Structures are given as C-alpha cells and as structure tokens.
Amino acid sequence: TWVAICLWAALVVLVAKMLLAGQDRPIARLAKRARHNWRRVAFAILGASLAGVNMVTYMWLKPQLDYVAPFWMDEPLAKMDAAILGTDGWKLLGMFNTELVATTYTSVWAMALVPALLYVFFSSPSRNRTASIVSYFMLWSLFGPIGQYLMSAAGPIFYERLGLGTRFAQFQPTEFSALVSGYLWDAYVDKALVTGPGISAMPSLHIATVAWATLAFASLGSRLTPLAALFALYMWIASVALGWHYMVDGLVGALMAATAFYLARPAAARSEQGPTLTPARA
C-alpha cells in the first residue's frame, strides 16, 4: 500500500514540476521515459515486491521467536542503560513521551522507509546501490531474526508484565502506546494469530532500518542524507522516550546496519565485475 501511495505521490510531484517548467503533455513524456528505462522500472517494482514479501515473512517469524527464545535480556539491558546514562533512558527523554510522538513513531517510520527503498531501487546500477539492496535484505532476513533469537528482550514498556519488578513502574506510557502494547501483550499471552504481532526490543529494527537508509543515501550521494540522519536520531530518541526500547537497542541496531552494509560490499564488487569466464580448452 505504501509503495503504491509513494509511486502516485512521486508521479503527482513530477507532473507538477513539469507543468510549472512549461512542458506540455507531461504524462506522455513520463510514459516515454518509463518505456526507455523499462529495465530500471521493472527492477524497482520487483525489488519493492520482494521487500514486501520479505517483511511479511519476518512478521510471521517474529512472534514465533518469542516462544522459542524467552525474554532474558531486559534486566541486563536496563542495567547497561543506567550505567551509561546514569539513569533510565526514559527519565532523560520524558519530554518526547507525547501522543504526537507515539502516533507518528510507527506511521512516519513506514512512510519514510518505503520512499528510501524506492529511491535505492530506482537509482542507476552501481556497486553502492547493490550494497544498499543486499544489506537491506540482510537486516530483515538474517541480522534481525538471529539478533532477536540470541538477545531476546521485550522492552521497558513490558518490564513489569514480565515479572521483573517495579523498576519502570513510574513510567507512564501514552494512551496510544498503552493501547498498542496491550494488543501485543494479549497476542503474546494468548498465542493469537493477529495482524502485526510479536514483541522484540533487541535489536531495534526500527533504528537499524533508518540507519540503513542514512547509509544508503550517503553512499549514493543523495542530498537527503542529512535529513535521513536527523530522522534516524529522532527515531532513536522516540523509541527510548516511549518505552519501546532501551537506549542500547538502537545503538546495536545502528551498528547492525553498518555491519550489514560492510559485509554487502564484497558481494556488490563481485556483481559489478560480472561472471568470470573460464577459457575453453582446445
């Protein structure tokens, strides 16, 4: 849905810019350009479709991991945050624990991630584009599930419900956060098959993906890089302030994105060189 919305929005913006520039028949011009670059268009559509399938697959796997890997890292992560910050993260960022931040935390993330993906897929073929694409799928297919399995944690908002004590008893989630966390907790306890289930704080894929977007924009020389970096910082702050994540979750997520990008570069280099042909014997 977001892909379709973004594509239509991009079309409207392009048509408006062409009309303002005095170009006639903008739709016909864009259609001609699309036919001329049909390979890139087909690649972008296929890539976006695979990204959707990949995310759906992860969303199916995510709640299953909660049962095979019980939450055990919440206490160590809470202590780690306190050791680094001198107190619990939400206490330092309470000004961001608002309904506005809570309601935009999820929706704006999706609205930002899809355009970033489309930007990468529509970019000219290059080593950096390949590395960006490979690292994105690595995050959802390898780093995310493996990290969730090995470092299973629920997050501060679920701390007391896990029976870990009253450390976060004074934390007051927003109405929206309380609604969403209650929905996720009920699905977890009832083992219900619902839309968007699963509880996972470590590592933070919200932060991993916005960090990935920043790295992808930077590698492709986009002017959006500073904006992407500011958005990644905002998401990190919001994730802690709203009680969804420990501060360390976002740090690990960002490092995970950088690692995936680093590991994807050799594969990108090989794809740029093309296949090696073995000379035929006489």
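Here a biologist questions a modeller about a predicted model.

Biologist: Why is Thr209 called buried?

Modeller: Thr209 has 0% relative accessibility. Buried means under 20%, so Thr209 counts as buried. Thr209 lies in helix H9.

Biologist: What makes the link between Thr209 and His206 a polar contact?

Modeller: A polar atom of the Thr209 side chain lies 3.0 Å from the backbone oxygen of His206. The cut-off is within 3.5 Å, so the pair fits the distance rule.

Biologist: Which residues does Thr209 touch, leaving out those up to four places away in sequence?

Modeller: Trp109, Leu113 and Trp140.

Biologist: What makes up the largest nonpolar core?

Modeller: That core has 62 residues. Leu139, Phe158, Ile199 and Trp212 have the most contacts inside it. Helices H3, H4, H6, H7, H8, H9, H10 and H11 each give two or more residues. H6 supplies the largest share, 10 residues.

Biologist: Which residues does Ile199 contact beyond four places in sequence?

Modeller: Among them are Phe71, Ala153, Phe158, Leu184 and Trp185. Lys62 and Asp66 are also in contact with Ile199.

Biologist: How many cavities of 30 Å³ or more are there?

Modeller: One. The largest cavity holds about 50 Å³ of space, so this volume meets the 30 Å³ cut-off.

Biologist: What lines the largest cavity?

Modeller: The lining includes Ala78, Asp81, Asp88, Trp90 and His245. H4 and helix H5 (89–92) each supply at least two lining residues.

Biologist: How do the lining residues of the largest cavity divide?

Modeller: Six are nonpolar, two polar and two charged. Asp81 and Asp88 line the cavity, and Asp counts as charged.

Definitions and conventions. Residues numbered from 1 in each chain as written. Predicted model: local features only at pLDDT ≥ 70, side-chain atom pairs only at ≥ 80, totals over all residues. Heavy atoms only, no water. Core = buried A, V, L, I, M, F, W, Y, C linked by side-chain atoms within 4.5 Å. Buried < 20%, exposed > 50% of the residue type's maximum accessible area, 1.4 Å probe, protein only. Helix = DSSP H or I, 4+ residues; strand = E, 2+ residues; numbered from the N terminus. Contact = heavy atoms within 4.5 Å. 1 Å grid on protein atoms, 1.4 Å probe; cavity = no way out; pocket = protein on both sides within 12 Å on 5 of 7 lines; lining within 4 Å. Polar contact = N/O pair within 3.5 Å; in protein donor to acceptor, adjacent residues only side chain to side chain.
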